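User: Hello! I am new to this structure, and I would like to go through it step by step. Could you help me read it?

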Amino acid sequence: MAACIHTERRPRLNSSGLRNLRQKGRLPGVVFGKNADNEIIHISTKQFEKWLKQGASGFIELEMEGDRSMTVLLEDLQRNPVTGALVHVDFQLVQTGEIIRTKLGVKFVGTPIGTKSGGVVQIQDPYVEVEAFPKDLPSTVELDISAMEIGDTRFVKDLILPPELTVISGDNELLVSVSKP
């Protein structure tokens, strides 16, 4: 099920206008897609942060004024490098008949055996880039790491993915490792 976030159009603003928008609790963003005009929007920062804390994966339903809604995927997120506060968000419009490229979150399941002997889990990349039709996209991909010992690593090629997904990430991209402290 897609998360639902109320959205409003916004005019093009200069940096002080965008800063004022953020101070009012609104996050500027843009929705783009193939064969569609870009929509300049703003959403509730609090509502979006709540979605991020719940895992930040899957489809989002952006409800526009006038009973119009758009199904989107999170494409990019920009934060202030000093404070970590959200600055801007980019969404990719989901068109049902088109193959889309996106990043899926990898959910690491289990506690590695190597942690019992002092090993430390190091997550290198919590995402894998894939292409698929929207109906075939899972919200996350799981990777069981419970059998990992100190010195073990898991790569993109170790993921068990549905055949409908085309993996764009390289097979040898490192996802997680267990190393000595």
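**A guided tour in questions**

Analyst: Happy to help, and please keep in mind that this is a predicted model. A good place to begin is T102: its relative accessibility is 4%, under the 20% cut-off, so T102 counts as buried.

User: Which strand is the place of T102?

Analyst: We have just seen that T102 counts as buried, at 4% relative accessibility. Leaving aside neighbours within four places in sequence, T102 is in contact with L73, L74, V128, E129, V130 and L137. The strand that holds T102 is β7.

User: What gives the largest share of the largest nonpolar core?

Analyst: This core has 21 residues, and those with the most contacts inside it include L104, F108 and V128. Two or more residues come from each of β7 (100-109), β9 (127-132), β10 (140-144) and β13 (174-179). The largest share is four residues, and it comes from β7.

User: Which residues does L104 touch, not counting residues up to four places away in sequence?

Analyst: L104 is among the residues with the most contacts inside the largest nonpolar core. With residues up to four places away in sequence left out, L104 touches P126, Y127, V128, V130, L137, P138, S139, V141 and L165.

User: How many residues does the second, separate core have?

Analyst: I43, M70, L86 and L93 are included in this second core, which is separate from the one we just discussed. Its number of residues is 17.

User: Which are the edge strands of the open sheet of four strands?

Analyst: The order of this sheet is β10-β7-β9-β12, with mixed pairing. An edge strand pairs on one side only. That description fits β10 and β12 (166-167).

User: In which sense do β7 and β10 pair?

Analyst: Two positions show how the strands line up: V106 stands opposite V141 in β10, and G105 has T140 as its bridge partner in that strand. The pairing of β7 and β10 runs over five bridges, and its sense is parallel.

User: Along β10, which side chains point to one face and are buried?

Analyst: The side chains alternate along β10. T140, E142 and D144 point to one side and are not buried. Those that point to the other face and are buried are V141 and L143.

User: Why do the buried residues of helix α2 line one face of the helix?

Analyst: The buried residues of α2 (residues 45-53) are T45, F48, W51 and L52. In general, an α-helix has 3.6 residues a turn, so residues three or four places apart point the same way. Seen down the axis of α2, the buried residues line one face because they fall within an arc of 125°.

User: Which exposed residues does the face of α2 turned away from its buried side carry?

Analyst: On the buried side, the covering elements include β1 (3-9), β2 (26-33) and β3 (36-44). The face turned away from that side carries the exposed residues K46, K50 and K53.

User: Within what arc do the buried residues of α1 fall?

Analyst: In α1 (residues 15-23), the buried residues are G17, L18 and L21, and what covers them includes β2 and β3. On the other side of α1, S15 and Q23 are exposed. Seen down the axis of α1, the buried residues line one face of the helix because they fall within an arc of 100°.

Notes:
Residues numbered from 1 in each chain as written. Predicted model: local features only at pLDDT ≥ 70, side-chain atom pairs only at ≥ 80, totals over all residues. Heavy atoms only, no water. Core = buried A, V, L, I, M, F, W, Y, C linked by side-chain atoms within 4.5 Å. Buried < 20%, exposed > 50% of the residue type's maximum accessible area, 1.4 Å probe, protein only. Contact = heavy atoms within 4.5 Å. Arc of directions from axis to C-beta. Pairing = 2+ DSSP bridges.
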